[in-house]
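Reader: I would like to learn how to read a structure feature by feature. Could you take me through one?

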Amino acid sequence: MGLALSVARRAAPTGDVPVGAVVLSADGTVLGEGANRREADGDPTAHAEVLALREAARVAGAWRLDGCTLVVTLEPCTMCAGALLLARVERLVLGAWDPKAGATGSVLDVVRDRRLPHRVEVVGGVREDECGALLRSFFAGRRAPADDLGAWTAPSPGE
């Protein structure tokens with residue numbers, strides 16, 4: 001998780017949410033890593049997990065990442081949970097849970113759905129406080145101080 005946190009810190013300067021992911025082989029070798037790059041690349045699929053899986057598949061020379069572990073600082077969304085399944089990742093180690101969009105145990109549990117042909121072991125809450133603090137710090141820095149907002153209220157969805 002320490003390496004995933006280091007990778008996550010690379011995302012913030014580009015305006016991307018600081019999420020980092022690392023793919024480890026069965027013997028613990030780093031096969032791939034990724035930090036969010038949606039803003040930097042203008043790509044809605046440039047999530048840390050997807051980028052790490054792409055690099056791992058390239059390094060491994062195969063799309064099947066049997067026996068591999070994905071370590072990520074924030075619980076994966078539905079897209080990333082689907083990518084874990086499609087890559088046949090064995091284990092997911094996550095830092096902070098995502099109560100709004102998490103798809104590996106909090107809001108949804110895509111990776112352990114019994115209707116699907118593959119399931120992923122989930123180990124959650126690893127260094128959760130540290131992972132959460134990185135995200136809270138990022139979002140706090142993007143919000144204007146309350147004194148400057150006056151009577152500001154959050155925009156309605158879709159605005």
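Author: Happy to! Keep in mind that this is a predicted model. Let's begin with the largest pocket, whose volume is about 600 Å³.

Reader: How does one find empty space like that, and which residues of the lining lie nearest the centre of the largest pocket?

Author: The general idea is that rolling a probe the size of a water molecule over the atoms shows where empty space is left. Here, 22 residues line the largest pocket, and those nearest its centre are Val 17, Leu 74, Asp 98, Leu 135 and Phe 139.

Reader: Which element gives the most to that lining?

Author: That is H5, which contributes five residues.

Reader: Phe 139 caught my eye. How many aromatic pairs does a search of the whole structure find?

Author: One. The ring centres of Phe 138 and Phe 139 are 5.1 Å apart and their planes stand at 75°, so this is an edge-to-face pair.

Reader: And is Phe 138 buried or exposed?

Author: With 11% relative accessibility, Phe 138 is buried, because the cut-off for that class is under 20%. Phe 139, at 32%, is partly exposed.

Reader: Let's move to the core. What should I look for, and which members touch the most others?

Author: In soluble globular proteins, nonpolar side chains tend to be buried together. In this model the largest nonpolar core has 42 residues, and Val 23, Leu 53, Leu 65, Leu 70, Leu 84 and Leu 92 touch the most other members. Among the elements that give two or more residues to this core are helix H3 (48–60), strand S3 (69–74) and helix H5 (128–142).

Reader: Take Leu 70. What is Leu 70 in contact with, leaving aside its neighbours within four places in sequence?

Author: With those neighbours set aside, its contacts include Val 22, Val 23, Leu 53, Leu 84 and Leu 92.

Reader: Now the strands. How do I read side chains along one, and why is S1 called largely enclosed?

Author: In a regular strand the side chains alternate between the two faces of the sheet. As for S1, four of its five residues are buried, so the rest of the structure largely encloses this strand.

Reader: Which strands does S1 pair with?

Author: S1 runs antiparallel to S2, joined by five bridges, and pairs with S3 in the antiparallel sense over four bridges. Val 22 shows both pairings: its bridge partner is Glu 33 in S2 and Val 71 in S3.

Reader: What about the residues between S1 and S2?

Author: That hairpin has five residues between the strands, and Gly 28 takes a positive phi near 90°.

Conventions:
Residues numbered from 1 in each chain as written. Predicted model: local features only at pLDDT ≥ 70, side-chain atom pairs only at ≥ 80, totals over all residues. Heavy atoms only, no water. Core = buried A, V, L, I, M, F, W, Y, C linked by side-chain atoms within 4.5 Å. Buried < 20%, exposed > 50% of the residue type's maximum accessible area, 1.4 Å probe, protein only. Contact = heavy atoms within 4.5 Å. Phe/Tyr/Trp six-rings, centres within 6.5 Å; stacked < 30°, edge-to-face > 60°. Pairing = 2+ DSSP bridges. 1 Å grid on protein atoms, 1.4 Å probe; cavity = no way out; pocket = protein on both sides within 12 Å on 5 of 7 lines; lining within 4 Å. Points joined across faces, edges and corners; volume = space filled by probe spheres on them.
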